[in-house]
Amino acid sequence: MTGDGTRAVRAGLPAVEPYQPPMPPPVLAAHYHLPGDPAVAPFGYGRENNPTWVALERAIAELESPEPEDGAQALVFPSGMAAISATLLSLTRPGDSVVLPSDGYQIWPKLRQRAEERGVRTHTAPTGGDGQLAALAAARGRGERVRLLWLETPSNPGLDVCDIARLAREAHAQGALVAVDNTLATPLGQRPLELGADLAVASGTKALNGHGDVLLGYVAARDPELIDEIRQWRTVLGAIPGPLEAWLAHRGLATLQLRVARQAENALAVARALAARPEVTGLRHPGLPEDRDHALAARQMRFFGCVVSFTLPDREHAERFLAALRLVDDATSFGGVRSTAERRGRWGGDAVPEGFVRLSVGIEDPEDLVADIRRALEAAAA
């Protein structure tokens, strides 16, 4: 059994061949030579398959489910939302019900609308507490056919954590599938498939790639029928990634363990510094021992992620803080090697206070980050 660092470096690479590169270059092809029966051809047309995708998919499957006997497979998409949409819409039918996070990524309401237009009933519940269990029980009491329970843990941007194993047991007892958005944790921080989930879905744009230069998404599962259903959806709708993007993401995996470990260490240092500030309220980071979800997070997570969230007194105070930062860029997204932060209320889609800040901690020296954040807080309070 190899460690996560070794696995990340080697994941998805081909067998060693003399005089060949250890990682093949991207295959930029719209079609392939295709004699004979196309049903047995590994590659025939670019919308259906690509060798560079396959290498990245093998790597992601190895990270999400390391044991080879588990038979996990992965599919890559051109964005996280493409992966989420394909999973939700390909696996549900008119008359099905789904339970979705009410506090997850802000585009969920628009995706819920698309599902409802197709005749799927949608219910929402918060990540923390027993909201999802209550939603499942209520749907069962109404005689609904719950097809899918979707979890986002830790949630974005509030960082609430839910018990994947417990919820998977409850959902499976009702015949429902369980999908977990694993974007924030990454497969090195949390493995939903090992905890009983049927599907692990993520935006590879974030920490998986980590360099802020690729849009990507993926879904992984152990059930080949689920993967085949989603693959057909990808092929028919053409929701395919570019080979160069897939290659860049695969190349970036070699440093995933180093980045995730450093980001988690830095995030905890930043959270501890913020905890000492009187103007900071609502501080959340699962790695803080005093965080309300720390005990649960410690049971199911190996790393606690790079995101710290907190609230400053008002919108103006938060904007002064962001403007005063020098090492932290004012930008959306998270998981990159460079630290970023933003006032989430500017988007209007999250139920957060006007002074709420989501801070994504990068791999800079922790002492420099903490000093920059303290200086910006002092400037914002002046």
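This passage describes the domains, the largest cavity and one helix of a predicted model.

The domain assignment of the protein divides it into domain 1 (4-252) and domain 2 (256-381). Between these two domains, the contact draws on 34 residues from domain 1 and 34 residues from domain 2. Their C-alpha centres are set 27 Å apart.

A natural next stop is the interior. When the whole structure was searched, one cavity of 30 Å³ or more was found. The volume of the largest cavity comes to about 50 Å³. Its lining is made up of L184, A185, T186, A207, V260, Q263, A264, G305 and C306. Sorted by class, this lining holds six nonpolar and three polar residues, while charged residues are absent. Helix α10 (residues 256-275) is the element that contributes the most to the lining, supplying three residues. Because domain 1 (4-252) and domain 2 (256-381) both provide lining residues, the largest cavity lies between them.

Attention then turns to helix α8, which spans residues 224-237 and contains 14 residues. From its first C-alpha to its last, helix α8 reaches 20 Å, close to the 20 Å expected at 1.5 Å a residue. The buried residues of this helix are L226, I227, I230, W233, R234 and T235; R234 and T235 thus sit in the buried set alongside L226, I227, I230 and W233. Together, the buried residues of α8 pack against two helices, α2 (51-64) and α3 (80-90). They also pack against the strands β1 (73-77), β5 (177-181), β6 (199-203) and β7 (217-221).

Note on methods
Residues numbered from 1 in each chain as written. Predicted model: local features only at pLDDT ≥ 70, side-chain atom pairs only at ≥ 80, totals over all residues. Heavy atoms only, no water. 1 Å grid on protein atoms, 1.4 Å probe; cavity = no way out; pocket = protein on both sides within 12 Å on 5 of 7 lines; lining within 4 Å. Points joined across faces, edges and corners; volume = space filled by probe spheres on them. Helix = DSSP H or I, 4+ residues; strand = E, 2+ residues; numbered from the N terminus. Nonpolar A, V, L, I, M, F, W, Y, C, P; charged D, E, K, R; others polar. Domains from an automatic or database assignment. Expected span 1.5 Å × (residues − 1). Buried < 20%, exposed > 50% of the residue type's maximum accessible area, 1.4 Å probe, protein only. Contact = heavy atoms within 4.5 Å.
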